[in-house]
Amino acid sequence: MARAMFDYTKTVLKKVSFDVNLFTKEVIKALNRLLPHEIEELKLWIQSLALNKPELRSCLVYLDKQ
């Protein structure tokens with residue numbers, strides 16, 4: 001079940017990646033829902049996404065606090 005939440009989180013983040021503020025809100029929600037090892041995986045995924053959308057890099061600050 002937890003993996004399903006991680007996949008769902010990635011789907012939502014892809015859909016809202018056009019808006020940095022909305023993306024940030026969804027990242028914060030994900031931090032409350034995901035397991036610690038999934039948060040690390042999410043951080044790597046966002047870093048790869050940010051290669052094409054550098055404005056999303058600011059969200060990594062929230063992931064580094066974990």
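1. K29 is a good place to start. This residue is found in helix α2. The model is a predicted one. K29 has a relative accessible area of 38%, so K29 is partly exposed. Its C-alpha atom is separated by 11 Å from that of L13, and the two residues are 16 apart along the chain.

2. Next, helix α2 as a whole. α2 covers residues 20–33. The helix has 14 residues and reaches 20 Å from its first C-alpha to its last, close to the 20 Å expected at 1.5 Å a residue. Its buried residues include F23, T24, E26, V27, A30 and L31. These cover an arc of only 165° around the axis, which puts them on the same side of α2. The face turned away from that buried side carries the exposed residues N21, K25 and N32.

3. A general point helps in reading any helix here. An α-helix has 3.6 residues a turn, so residues three or four places apart point the same way.

4. Is E26 buried or exposed? E26 lies in helix α2. Its relative accessibility is 16%, and because buried means under 20%, E26 counts as buried. Not counting residues up to four places away in sequence, E26 touches V12, L13 and V16.

5. Which residues line the largest cavity? They are Y8, T9, V12, L13, E26, K29, A30 and R33. K29 and E26 are thus both in the lining. Helices α1 and α2 each supply at least two of the lining residues. About 50 Å³ of space lies in this cavity. The count of cavities of 30 Å³ or more comes to one. As a general matter, rolling a probe the size of a water molecule over the atoms shows where empty space is left.

6. Helix α3 deserves the same look. α3 is made up of residues 36–49. At 1.5 Å a residue, its 14 residues should span 20 Å, and the end C-alpha atoms are 20 Å apart, which agrees. E38, I39, L42, W45, I46 and L49 are buried in α3. They cover an arc of only 120° around the axis, which puts them on the same side of α3. On the face turned away from the buried side sit the exposed residues P36, H37 and L44.

7. Now the largest nonpolar core. This core has 17 residues. L13, F23, V27, L42, I46 and L63 touch the most other members. Two or more residues come from each of α1, α2, α3 and α4, the last being residues 60–64. Which helix gives the most to this core? It is α3, with five residues. In soluble globular proteins, nonpolar side chains tend to be buried together.

8. F23 is worth following through its contacts. This residue is among the core members that touch the most others, and F23 is also buried in α2. Leaving aside neighbours within four places in sequence, F23 is in contact with L13, V16, S17, I46, L49, L56 and C59. Of these partners, L13 and I46 are themselves named among the core members with the most contacts to other members.

9. Where does C59 lie? C59 is in the loop between α3 and α4. At 0% relative accessibility, C59 counts as buried. Apart from residues up to four places away in sequence, C59 touches F23, T24 and V27. Those three residues are buried in α2. C59 and E40 are 19 residues apart along the chain, and their C-alpha atoms are separated by 13 Å.

10. S58 also has its place in the loop between α3 and α4. At 40% relative accessibility, S58 counts as partly exposed, whereas C59 counts as buried. S58 and T24 are 34 residues apart in sequence, and 8.3 Å apart in space from C-alpha to C-alpha.

11. Last, a residue in another loop. F18 lies between α1, residues 2–15, and α2. Is F18 buried or exposed? Its relative accessibility is 65%, and so F18 counts as exposed. F18 and D7 are eleven residues apart along the chain, with C-alpha atoms separated by 19 Å.

Key. Residues numbered from 1 in each chain as written. Predicted model: local features only at pLDDT ≥ 70, side-chain atom pairs only at ≥ 80, totals over all residues. Heavy atoms only, no water. Helix = DSSP H or I, 4+ residues; strand = E, 2+ residues; numbered from the N terminus. Expected span 1.5 Å × (residues − 1). Buried < 20%, exposed > 50% of the residue type's maximum accessible area, 1.4 Å probe, protein only. Arc of directions from axis to C-beta. Core = buried A, V, L, I, M, F, W, Y, C linked by side-chain atoms within 4.5 Å. Contact = heavy atoms within 4.5 Å. 1 Å grid on protein atoms, 1.4 Å probe; cavity = no way out; pocket = protein on both sides within 12 Å on 5 of 7 lines; lining within 4 Å. Points joined across faces, edges and corners; volume = space filled by probe spheres on them.
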